[in-house]
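Biologist: Please take a close look at one chain of this model, going from its overall dimensions to individual residues. I would like the cut-offs behind each term spelled out as you go.

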Amino acid sequence: MENKMNNLITFHQIIFILKNYWQNQSCTIIQPLDIPIGAGTFHHKTFFGAIGSKPTSIAYVQASRRPSDGRYGNNPNRLQHYYQFQVLIKPTPDNIQNLYLQSLQILNIDLKNNDIRFIEDNWENPTLGACGQGWEVWINGMEITQFTYFQQMGGINCDPIPTEITYGLERIALHIQNKKNIYDIVWNTNEINITYGELFFQNELEHSIYNFEYSNINICSNLFKIHIQEAKTIMNLPSPLLLPAYEHMLYGIHYFNLLDAKRALSTTERQQNILNIRSIIKKIAKQHYNKEKN
Amino acid sequence: MNKTFLIEIGTEELPQKSLQNIAKSFRNNVILLLTKNHIQYKKILWFATPRRIAIKIEELNTNIITLKKKYKGPSISNAFDALGNPTPSTQHWIKKLGITIDKTSRIKNKKKEWLYYEHYTNNRTIEEKLIEISIFSIKNSSVPNFMKWNISNIQFSRPIRNVVMLLDNKIIKAEILGIQTNRLLYGHRFMKNNVINISHANEYPEILLKFGKIIADYNIRKNKIKIESKKIANSFGGHLKIRDQLLDEITSLVEWPIVLLAKFNKKFLDLPNEILIHIMENQQKYFTIYDHNNKLTNNFIIISNVESKYPKNIILGNIKVLNSRFSDAEFFFKKDQKIPFKKYQPLLKNVIFQHSLGSLYDKTNRIKYLISWITKFTKANLKDCIQAANLCKCDLITDIVFEFPKMQGIIGMYYALNNGIHKDIAIAIQEHYLPKFSQDIIPSHPISYSLALADKIDTLVGLFFIGKNSTSGDKDPFSLRRLVIGIIRIILTKKISINLFKLFKKSLNIYDNNIQNKNAILENLKKFVLEKMYFIYIKQKYVPIIIKSVLICEVPYLIDLDLRIKAISKIYNSNTLKSLILIHKRISNILKLSSEALHEEINKKLIKKLEEKIIISLLEHTQKKIQLFHENKDYPSILLELYNLYQPVCNFFENVKIQDINTSIKTNRLIILKKIQNLFFIIADFSYFY
C-alpha cells in the first residue's frame with residue numbers, strides 16, 4: 001500500500017526517536033514553552049540552565065516563530081512557524097559530537113553515503129546576550145542542525161561550558177522522507193497519511209498575510225513597550241521575580257520581531273530596542289547567577 | 001642523530017576560513033623556536049584538514065647543542081683567607097651566580113689561578129624541547145576566535161580531542177593542551193571512522209591516505225579539487241572562474257574531496273546573476289560554471305566530503321537546497337517589484353543613516369545638492385545625476401537587500417532597469433559604491449563617479465562633523481580611510497579638476513552655515529586627505545621627500561599635486577634637480593638671515609651691476625613663461641625654466657654682494673632673490689630636499 005510505506009519515519013516518529021535517544025543519554029525530557037519565541041534557546045530552561053555551575057541535561061521540542069521568514073506557504077523550505085528539537089547539556093561531554101552523529105544514525109540517516117559537514121557558524125543572539133562557537137551541520141548542502149558551545153548567556157561567561165544542539169525537525173524530515181517540499185512531509189500515518197501541509201499550510205498562509213500586511217504597527221509597538229515595562233517593574237520589586245520578568249521579555253521580543261517583519265523600525269531604533277532588551281535580560285541573568293551562587 | 005618528528009593535533013571541525021592561517025602560523029612558530037634553540041633540521045612540512053593540523057620535521061638533528069656559560073671568579077690568592085674560608089669577594093661572586101662553593105672549580109694559566117664556574121644552560125633532552133616548542137607554537141598560533149569547551153579552561157579555535165607526538169618510532173609522552181599524547185590517528189569520520197596506529201613518524205601522511213581515506217596535505221587536496229572540477233566543467237564545454245578564496249574554503253571543508261556535477265532549475269537564470277553566484281559561492285560553497293560566452297549556466301559543482309555509493313542522492317539533496325534558496329530570492333525579487341522603484345524613496349525617511357545625520361532620505365537630498373556642483377567639473381549630465389541620486393539608496397530598504405546585504409547597488413541597478421530607467425543611471429546606482437576596497441575598480445561613467453564622489457564626500461564630511469573621525473591605530477569603525485582613498489582615486493583616475501577643499505566646505509555648510517568649529521573640521525579634513533595622499537604615493541614607491549615637498553603646498557586640486565609629484569620624480573637623481581636644489585638652498589640661506597618682509601617690487605633704479613640686470617630681465621621673462629606653463633599644468637616645463645636660472649643665479653652670487661652697506665640696495669637684492677624663490681613654490685617646497 002502506498003500510504004503505509006514500512007520504512008517511512010514520520011515527523012511524529014522523528015520527535016519520538018530523538019526524545020527516546022536523549023532520554024537514554026540521561027537528558028530530562030521537558031515540554032515546550034507556551035510563549036511565542038524565535039528559537040529553542042529562549043526556553044527558560046535553556047536560558048537559566050546555561051548560566052552558573054549547576055549541571056543541566058534537558059531536551060524538548062519547541063515551536064518557534066520568526067515572522068520575517070513567512071513565505072505565504074510558497075517556499076519549499078522556509079516557514080514562519082516551525083519546530084526545533086533542542087538539547088542542552090552542561091558540562092559538555094567529550095564525545096558530544098559522536099553522541100549527536102549517533103542520533104542521526106538512529107534516525108536512519110546513512111552517515112557513510114550522505115555528505116555531512118560541520119560548517120563554522122558562531123552563533124549569537126544579541127537580545128539574549130548569548131554567544132558561542134560551533135557549526136551548522138549540513139546534510140547534502142542543507143542545514144539540519146545548529147551545534148553550539150555556549151560561551152556566554154545573558155552576558156555572563158559560561159562555566160562550565162554547555163553545548164546546545166538544535167535540530168531543525170522539518171529539514172531532517174525532508175531528508176529522511178526524501179521530500180522536496182515541507183508541506184509534503186508525512187506527519188503521521190493512521191489509516192491515511194496526514195501531511196505537514198494539511199496541518200499547517202493554512203497557518204503559514206494566514207500568518208504571512210497578517211505579519212506582512214495586516215499587523216498593526218501601533219498595536220505591536222504598544223504591546224512591545226507594555227511587556228518591556230512590565231518586566232522592568234517586576235525586576236524592580238524588592239525581591240524580583242525572575243521567571244515572570246523573563247517571560248514578559250519574551251513576549252516583548254516577539255512583538256519586536258513582528259515590527260521587524262514589517263520593516264517598521266529604523267536602523268537606530270532597532271539597535272536601541274535591542275540594547276534595551278539586552279540590558280534587562282542581563283539584569284535577569286545576573287540576579288539568577290547571584291541567587292544560584294548563594 | 002637525524003630523526004623525524006611528527007605532531008598532529010586532532011580537533012573538531014576547524015573554521016574553514018581560518019584553517020590555513022592556523023596551520024601555517026603553527027608551523028611558523030615551530031620554525032621560529034627551532035631556530036631560537038639552535039636545533040637543526042632539513043625540512044619542515046605542514047598538514048591541515050578540517051579535523052587536524054600537523055607538522056612533520058624531517059632529518060631533525062636530535063643532538064641538541066648545550067650552551068655552556070663560563071664564569072671566571074677571583075684569583076685563588078684573593079679567594080680564600082688564611083683559614084681557607086671564602087673571602088667576601090668570593091662570597092659575593094657565588095651569591096651572584098646563585099651557587100655554592102663546591103660547585104666551583106679552578107682554572108689556571110702560566111702565571112695565575114682563578115676560581116671558575118661552568119653553567120650548562122641547555123641541559124634538557126630533545127624530547128623536552130619539542131614538547132615545549134609544540135605547546136608554545138600551538139598556543140600562539142593565530143586563531144581568530146578562541147573558545148572553551150571543558151573545565152580545563154584551555155582555549156583554542158575548536159575543541160582539541162587528540163594529540164599524536166612521535167620522534168621516529170617513539171611517542172614523546174606529554175600532556176598537550178589537556179590531552180595525553182599517543183600514536184593513534186583517526187580516519188575519515190564517515191568513510192572509515194577507524195583508529196590507525198602509526199608506528200613511525202615517517203609514515204605520515206601516507207598512512208592516513210592508505211588506511212584512513214584522508215588527504216592530509218592541503219595543497220594536494222586543493223590541486224585535486226581544482227583539476228577535477230575543471231575537467232568536469234570542460235567535458236561539456238563549460239568553464240570555471242574559481243576564486244582562490246573560495247577554493248581555499250572548500251579545501252578546508254573536506255578530507256576526501258569528491259567532485260560532483262549538478263544542475264539547478266533553469267528558470268532561476270532570469271534572476272540577477274550576482275545573487276545566484278552569491279548564493280552558490282558564498283552560502284553553499286559551490287563552483288559556478290559559465291558557457292563560452294561567459295554567461296552563467298545552470299550547472300554547478302559540488303565538492304562532497306564522502307565517496308558515496310549513491311552520489312545521486314547527494315546531488316539531488318544539494319539541488320533541492322539550492323532551488324529552495326533561489327526560490328526565496330525569487331520571492332523577494334517579485335515582492336519588491338510590486339511597487340515602482342522610485343516609490344521606495346519616501347520610505348528612506350524611516351531609515352537612519354547615522355545618528356544625528358538624519359535619515360537616508362536626508363542623505364539623498366544632500367547628495368543631490370553636492371552632485372549639482374560636482375557635475376560642473378565632471379561634465380556629467382545634471383538631470384541624469386539628480387535622478388541617479390534620487391534612486392541610489394532606494395534598494396537599501398528592499399527585502400532582497402535586507403536578506404542579502406552584499407547585493408546593495410546591484411539590486412538597485414536591476415530594479416531601475418526593470419522600471420525603464422536609462423542604463424547609465426541604473427549602472428551609476430550600482431557603481432556609486434565603488435571602489436569598495438583598495439584594489440577595486442573605479443566607477444566608469446561620469447554619472448557613476450559624480451554620484452560616487454557626492455555620496456562619499458557626504459559620508460566623510462558628515463562623520464567628521466559629528467566627531468566620528470577617530471582613525472587612530474587600528475580603529476576605523478566607519479572605514480574612513482577606505483572612503484577617502486576612494487575619493488582620491490576617483491579624482492586622480494578620472495582627472496577631475498575640482499577644488500576638494502571647497503567641496504568639503506559646501507558639504508559641511510549643508511548642515512549649518514554657522515557651525516562653531518567649522519574651520520577646525522575643515523582643517524582636519526584637509527589634513528586627513530593629504531595624509532592619505534602621502535600613503536598612496538608611498539605605496540607606489542614614490543620618494544617620500546618628493547611627496548612631502550609637494551603636499552606641503554596644500555593645493556586643493558589633487559590632480560595638480562599628482563602632476564607635480566610625477567614631474568619632480570621624473571628628474572629625481574638628475575643633475576637638473578641637483579642644480580635646482582643647490583640654488584634654492586643658497587637663496588633660502590640668505591633669505592633666512594634677513595628679517596624684512598620683502599613684499600615690494602624690484603626697484604630698477606637701485607640696480608648697480610650687470611649680473612643684477614641680467615637676472616632681473618631673465619626673471620621677468622621666466623615669470624611670464626612659468627605663469628603660462630602653470631595655467632596648462634605643464635610642470636616638466638616649469639622645472640626646465642627654473643633650471644635655466646641656474647647659471648645666471650650662480651653668476652649673480654659670484655659677482656654681486658648681497659649685503660650692501662646701502663640697506664635699500666641690499667633689500668632690493670633680497671627682493672630679487674625672494675621672487676626667484678617664489679617661482680619654486682609654484683611646484684614644491686624645495687627645502688624638503690636638503
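**Chain B, from surface to single residues**

Modeller: Chain B exposes about 33000 Å², of which carbon and sulfur atoms supply 52% (areas by the Shrake-Rupley method with a 1.4 Å probe, where for residues only the protein chains shown count as cover). This is a predicted model, in which local features need pLDDT of at least 70 and side-chain atom pairs count only at pLDDT 80 or more, while totals for chains, interfaces and linings use all residues. Residues are numbered from 1 along each chain as its sequence is written, chains are lettered from A and ligands numbered from 1 in the order in which they are written, and side-chain values use heavy atoms, with hydrogens and water left out.

Taken along the principal axes, the C-alpha atoms of chain B fill a box of roughly 105 × 100 × 50 Å. The radius of gyration of chain B is 37 Å, whereas a compact globule of 690 residues would have one near 26 Å (taken over C-alpha atoms, with the globule rule being 2.2 Å times the number of residues to the power 0.38). Of the 690 residues in chain B, 53% are buried, where buried means under 20% relative accessible area, exposed means over 50%, and partly exposed lies in between, for a 1.4 Å probe and protein chains only. When contacts in chain B are restricted to residues at least 6 apart in sequence, 67% of them join residues at least 24 apart (a contact being heavy atoms within 4.5 Å).

The secondary structure of chain B comes to 25 helices and 18 strands, both being DSSP runs numbered from the N terminus, with helices H or I of at least four residues and strands E of at least two. One part of this is an open sheet of four strands in chain B, ordered β15-β17-β18-β16, with antiparallel pairing (two strands pair if DSSP finds at least two bridges between them). In chain B, β15 (239-240) and β16 (258-263) stand at the edges with a single partner strand each, so one side of each has no neighbour in the sheet. For β16(B), six bridges lead to strand β18 (residues 296-304) of chain B, and the two run antiparallel. Within β18(B), B:F300 is the residue that stands opposite B:A262.

Among the helices, α6 (residues 218-235) of chain B holds B:K222. This lysine counts as buried because its relative accessibility is 15%. The side chain of B:K222 is joined to that of B:D248 by a polar contact of 2.9 Å, a term that covers a pair of N or O atoms within 3.5 Å; within protein, one must be able to donate a hydrogen and the other to accept it, and residues adjacent in sequence count only if both atoms are side-chain atoms. Beyond its neighbours within four places in sequence, B:K222 is in contact with B:D244, B:L247, B:T251 and that same aspartate, B:D248.

Some backbone geometry in the loops also deserves attention, and the general background is brief. Most residues other than glycine have a negative phi, and most peptide bonds are trans. Against that background, B:L434 and B:P435 are joined by a cis peptide bond, with omega about -10°. Here B:P435 sits in the loop that connects α14 (423-431) and α15 (446-465) of chain B.

Two residues of chain B then call for a look at phi. B:L177, although not a glycine, has a positive phi of about 45°, and its place is the loop between β11 (175-176) and β12 (179-180) of chain B. With a relative accessible area of 9%, B:L177 is buried. B:E554, also a residue other than glycine, has a positive phi near 50°, and it is found in the loop between α19 (544-551) and α20 (558-570) of chain B. At 35% relative accessibility, B:E554 counts as partly exposed. Set side by side, these positive-phi residues are therefore a buried leucine, B:L177, and a partly exposed glutamate, B:E554.
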